[in-house]
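The following exercises concern a single protein chain. Each task is followed by a solution that proceeds step by step.

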Amino acid sequence: MFLKLKSFIVPLAFITLSGAGFVFIQMGLTYASSMAFLELRYLFAFIVLLFVVFVFKLKFPNSLIEIFHIGIAGILSVGVFSIACFNSIDYGLSPAFCSLIISLQPIVVSFLAMRFLGESVSIKAWFGLLFGLVGVILVLGFDSEINKNELIGFLFAILGLLGMSFGSLYQKKYCSNMNLITGGVIQTFVSAIVVLPLLYFEDIRVSFNGEFIIALFYMSVIASIGVMSLLYYMIRHGEVSKVSSLFYLLPVVSVLVAYFVLDNKIESNVFIGIIIVLISMGLINKNYSKKLVIKKA
């Protein structure tokens with residue numbers, strides 16, 4: 001009973017916290033430039049994680065190759081993903097639209113998992129993935145034209161999609177035994193290093209106030225530590241493509257959180273989309289044809 005409850009609560013918590021993150025990115029970008037906000041996020045998360053390491057006397061990996069793999073996975077799924085999403089929303093793409101692009105990850109990861117990790121996905125599961133895409137499109141409506149800045153934001157969102165997709169696969173193949181805390185220290189550190197030179201290309205601005213501090217806390221602690229820990233936990237205990245199917249719920253959560261936080265109106269097509277997404281999730285989770293086979297690196 002406990003295991004069944006945990007298998008429900010963990011994915012629900014992951015999707016809820018992840019979807020809300022897109023809204024808090026927009027909130028924080030009101031008071032800070034994108035890379036300055038992101039650099040502060042990584043530094044704060046790094047300090048918190050390092051404090052936990054010293055308190056509990058956790059040990060870092062002894063192998064340099066293991067540290068290297070953790071760092072690469074972090075650059076992809078933490079660094080590239082976040083850089084792209086922050087810039088995407090900063091260029092005017094809505095949190096819901098950005099999360100829609102990221103929710104395409106199930107199709108990308110399912111294809112890559114079959115190609116590189118030996119994971120087989122049934123026809124019914126593919127139908128569920130495509131059906132879920134229809135659902136998220138209905139959630140967002142697509143009733144507005146995209147201007148030049150939003151097009152750039154769209155391209156950044158595609159980059160974020162690729163970063164998270166390849167990062168999830170790399171994490172599963174090479175870092176399946178990574179300690180979530182010490183691994184988090186390494187990944188937030190390398191991500192902060194990657195962001196640092198990007199500060200040169202922007203007009204740095206930060207305005208510390210109540211809303212920005214809330215957004216920074218959420219993105220640093222809840223998103224960088226909590227959400228990524230939940231993601232890696234699920235990757236470790238389940239198939240990569242099955243885990244990634246949860247991303248279809250991201251725009252659903254983003255729309256709902258935006259309603260409560262930003263007072264956005266929810267249209268009737270949202271409810272139709274939510275129903276379709278839930279149906280597709282059922283198809284995806286019940287129709288994988290075989291267990292994941294990982295070749296040792």
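**Exercise 1. Classify T182 by its accessibility and locate its contacts.**

Solution. Step 1: T182 has a relative accessibility of 2% and therefore counts as buried; the classes are buried (under 20% relative accessible area), exposed (over 50%) and partly exposed (in between), with a 1.4 Å probe and protein chains only. The model is a predicted one, in which local features need pLDDT of at least 70 and side-chain atom pairs count only at pLDDT 80 or more, whereas totals for chains, interfaces and linings use all residues. Residues are numbered from 1 along each chain as its sequence is written, and side-chain values use heavy atoms, with hydrogens and water left out.

Step 2: T182 is found in helix α8. Helices are DSSP runs of H or I with at least four residues, strands are runs of E with at least two, and both are numbered from the N terminus.

Step 3: Leaving aside residues up to four places away in sequence, T182 touches V53, L58, K59, F60 and P61, where contact means heavy atoms within 4.5 Å. The C-alpha atoms of T182 and L58 are separated by 7.1 Å, although the two residues are 124 apart along the chain.

**Exercise 2. Describe the overall make-up of the chain.**

Solution. Step 1: The chain contains 12 helices and zero strands.

Step 2: Of the 297 residues in the chain, 50% are buried. The chain exposes about 14600 Å², of which carbon and sulfur atoms supply 71%; accessible areas come from the Shrake-Rupley method with a 1.4 Å probe, and for residues only the protein chains shown count as cover.

Step 3: Consider contacts in the chain between residues at least 6 apart in sequence: 90% of them join residues at least 24 apart.

**Exercise 3. Determine how α4 and α11 are arranged, and which residues form their contact.**

Solution. Step 1: Two packed helices are described by the angle between their axes and the distance between the axes. Here, the axes of α4 (residues 95-102) and α11 (residues 250-261) come within 8 Å and cross at roughly 170°. Axes are lines fitted to C-alpha atoms, for helices over the stretch in contact, and angles run from 0 to 180 degrees between N-to-C directions.

Step 2: The two helices α4 and α11 are therefore roughly antiparallel to each other. Under the convention used, angles under 35 degrees count as roughly parallel, over 145 as roughly antiparallel, 65 to 115 as roughly perpendicular and the rest as oblique.

Step 3: On the α4 side, P95, A96, S99, L100 and I102 meet L250, P251, S254 and V255 of α11. By class, this contact of α4 with α11 has seven nonpolar, two polar and no charged residues; Ala, Val, Leu, Ile, Met, Phe, Trp, Tyr, Cys and Pro count as nonpolar, Asp, Glu, Lys and Arg as charged, and the others, Gly among them, as polar.

Step 4: In α4, eight of its eight residues are buried.

**Exercise 4. Which residues have the most contacts inside the largest nonpolar core, and which element gives the most to this core?**

Solution. Step 1: A nonpolar core is a set of buried Ala, Val, Leu, Ile, Met, Phe, Trp, Tyr and Cys residues joined through side-chain atoms within 4.5 Å. The largest such core has 57 residues, and F22, F37, F86 and M219 have the most contacts inside it.

Step 2: The elements that give two or more residues to this core include α1 (2-29), α3 (64-90), α4 and α11. The most is given by α9, with 12 residues.

Step 3: Not counting residues up to four places away in sequence, the contacts of F22 include F81, P95, S99, L250 and S254. Another core, of five residues, lies apart from the largest one and has A45, L49, V53 and I225 among its members.

**Exercise 5. Compare S88, M234, L162 and K57 in placement and exposure.**

Solution. Step 1: S88 lies in α3 and is buried, with a relative accessible area of 0%. Residues up to four places away aside, S88 touches L93, C98, G153, F156 and A157.

Step 2: M234 lies in α9 and is buried at 8%. The C-alpha atoms of M234 and V10 are separated by 8.0 Å, with their positions 224 residues apart along the chain.

Step 3: L162, in α7, counts as partly exposed at 38% relative accessibility.

Step 4: K57 is placed in the loop between α2 and α3 and is exposed, with a relative accessible area of 71%. Most residues other than glycine have a negative phi. K57 has a positive phi of about 55° although it is not a glycine.
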